[in-house]
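User: I'd like to go through this model with you. Can you put it up?
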Amino acid sequence: MKIIPVREAVGAVLCHDITEIVPGKVKGRAFKKGHVVRPEDIPRLLDLGKEHLYAWEAGEGRLHENDASTRIAKAVAGPGLALTEPDEGKVELMATVRGLLKIDVATLDGINGIDQVCVATLHANQVVEPGQTVAGCRVVPLVIDAAAIEQVESLCAGAAPVVRVAPLRSLRVGVVTTGSEVFHGRIQDRFGPVIRAKLDALGSQVTRQILAPDDPPRIVAAIHAHLAEGAEMIVVTGGMSVDPDDLTPSAIRAAGGRVEVYGVPVLPGSMFMLAWIGAVPVLGLPGCVMYHRTTVADLILPRILAGEEVRRRDVARLGHGGLCLECQPCRHPNCAFGKGS
């Protein structure tokens, strides 16, 4: 590209978008990259504060910012994403499906370590909606060495997709609510409505809720009944603390559960249990899920519905960002809760 005075720019081809900013009114593109400057454009360009312009000069081994950012976006984008057209040198990635945002952070760090290359994303492991912007790609200069973009493409070619959206599965979920006080009708069940609402919002359904007293054989029988009915996930609520009458963890083990983790670095929700009976995940949810809007359940459920086999190492990483500040009003998932993993 070359720099030319605006008054001598008639016939020149703009090599970048020119933005118009009117505080409080408008911020948008006044002239698009590739526009051929006409005589009537000169006064407006001067009004925009442009005394000189960058005009396009083709050259080998160099890429315009729009072409570079498009190639970066194509390199990092995986399933569940669409690319926008370049706008002022930036290309965005937008979700095309409802699902869990997944980021290969190590590769993302490598990309952003390349001089004058920028890829910014939302935090991973949050549910995103179709049409939601999840990442933006651009380069710093108007023209960049093609070698830098080739380096990005090489990094991405040797890794899993850097940015992708994993669709949420719709599962049949069986709920077991423990507690003799609920079973005998002394108090009203409050767990069931909360769990149904969370699962409905994620696109899954509770097929049946079974109430069980604080009796391990009865809890085991309820879990097995759900398995026999084809439940693809089982949620056991209540009885998760260390009190003598809280017998849910031992009952999950007795039902054949292979415990992945009992106790997690998340507040609220530290008494959470994750186990597996064959390929069926069994979640033991502590009482805080009833009365806190956002808990460990909101971090783990979407990952399981996205098809992840959540393991102890995944849960351990939740400690960084695992403290909910219980903001009023709650802003989850647009907050730091669970975002350190």
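User: How many disulfides does the structure hold?
Analyst: Zero, where a disulfide is a pair of cysteine sulfur atoms within 2.5 Å. Before going on: this is a predicted model, in which local features need pLDDT of at least 70 and side-chain atom pairs count only at pLDDT 80 or more, while totals for chains, interfaces and linings use all residues. Residues are numbered from 1 along each chain as its sequence is written, and side-chain values use heavy atoms, with hydrogens and water left out.

User: Why is there no bond between Cys118 and Cys137?
Analyst: The two sulfurs are too far apart for a bond, at 9.8 Å, and Cys137 holds the closest cysteine sulfur to that of Cys118.

User: And what about Cys288?
Analyst: Cys288 is in no disulfide either; its nearest cysteine sulfur belongs to Cys324, 10.0 Å away.

User: Is Cys288 buried or exposed?
Analyst: Buried, with a relative accessible area of 9%. Cys118 counts as partly exposed at 31%. The cut-offs are under 20% relative accessible area for buried, over 50% for exposed and partly exposed in between, with a 1.4 Å probe and protein chains only.

User: Switching to sheets. What is the strand order in the open sheet of four strands?
Analyst: S6-S7-S11-S9, with antiparallel pairing. Strands are DSSP runs of E of at least two residues, helices are runs of H or I of at least four, and both are numbered from the N terminus. Two strands pair if DSSP finds at least two bridges between them.

User: Which strands stand at the edges?
Analyst: S6 (81–83) and S9 (117–121) do; each has a single partner strand, so one side of each is left without a neighbour in the sheet. The twist averages 20 degrees from one strand to the next.

User: How many bridges join S7 to S11?
Analyst: Four, between residues 91–95 of S7 and residues 133–139 of S11, running antiparallel. Leu93 stands opposite Ala135 in S11.

User: What is the order in the open sheet of three strands?
Analyst: S10-S8-S13, again with antiparallel pairing. S10 (127–128) and S13 (163–167) are its edge strands, each with a single partner, so each has one side without a neighbour in the sheet. S8 and S10 pair over two bridges, and Leu100 has Val127 in S10 as its bridge partner.

User: On to helices. Which residues of H3 are buried?
Analyst: In H3 (residues 105–112), they are Thr107, Leu108 and Ile111. Seen down the helix axis they fall within an arc of 105 degrees, so they line one face; the arc is taken from the directions from the axis to the C-beta atoms. Exposed Ala106 and Asp109 are on the face turned away from the buried side.

User: What covers the buried residues of H3?
Analyst: The cover includes helix H2 (65–76), strand S8 (99–103), S9 and helix H4 (146–157). Contact here means heavy atoms within 4.5 Å.

User: At what angle do H2 and H4 pack?
Analyst: About 5 degrees, with their axes 9 Å apart. Axes are lines fitted to C-alpha atoms, for helices over the stretch in contact, and angles run from 0 to 180 degrees between N-to-C directions. H2 and H4 are therefore roughly parallel, since angles under 35 degrees count as that. Residues of H2 in the interface include Ile72 and Val76, and those of H4 include Ile149 and Val152.

User: Last one: where does Arg311 lie?
Analyst: In the loop between H10 (296–305) and H11 (312–316). Arg311 is buried, with a relative accessible area of 19%. Not counting residues up to four places away in sequence, Arg311 touches Arg258, Glu260 and Trp276.

Notes: Angles under 35 degrees count as roughly parallel, over 145 as roughly antiparallel, 65 to 115 as roughly perpendicular and the rest as oblique.
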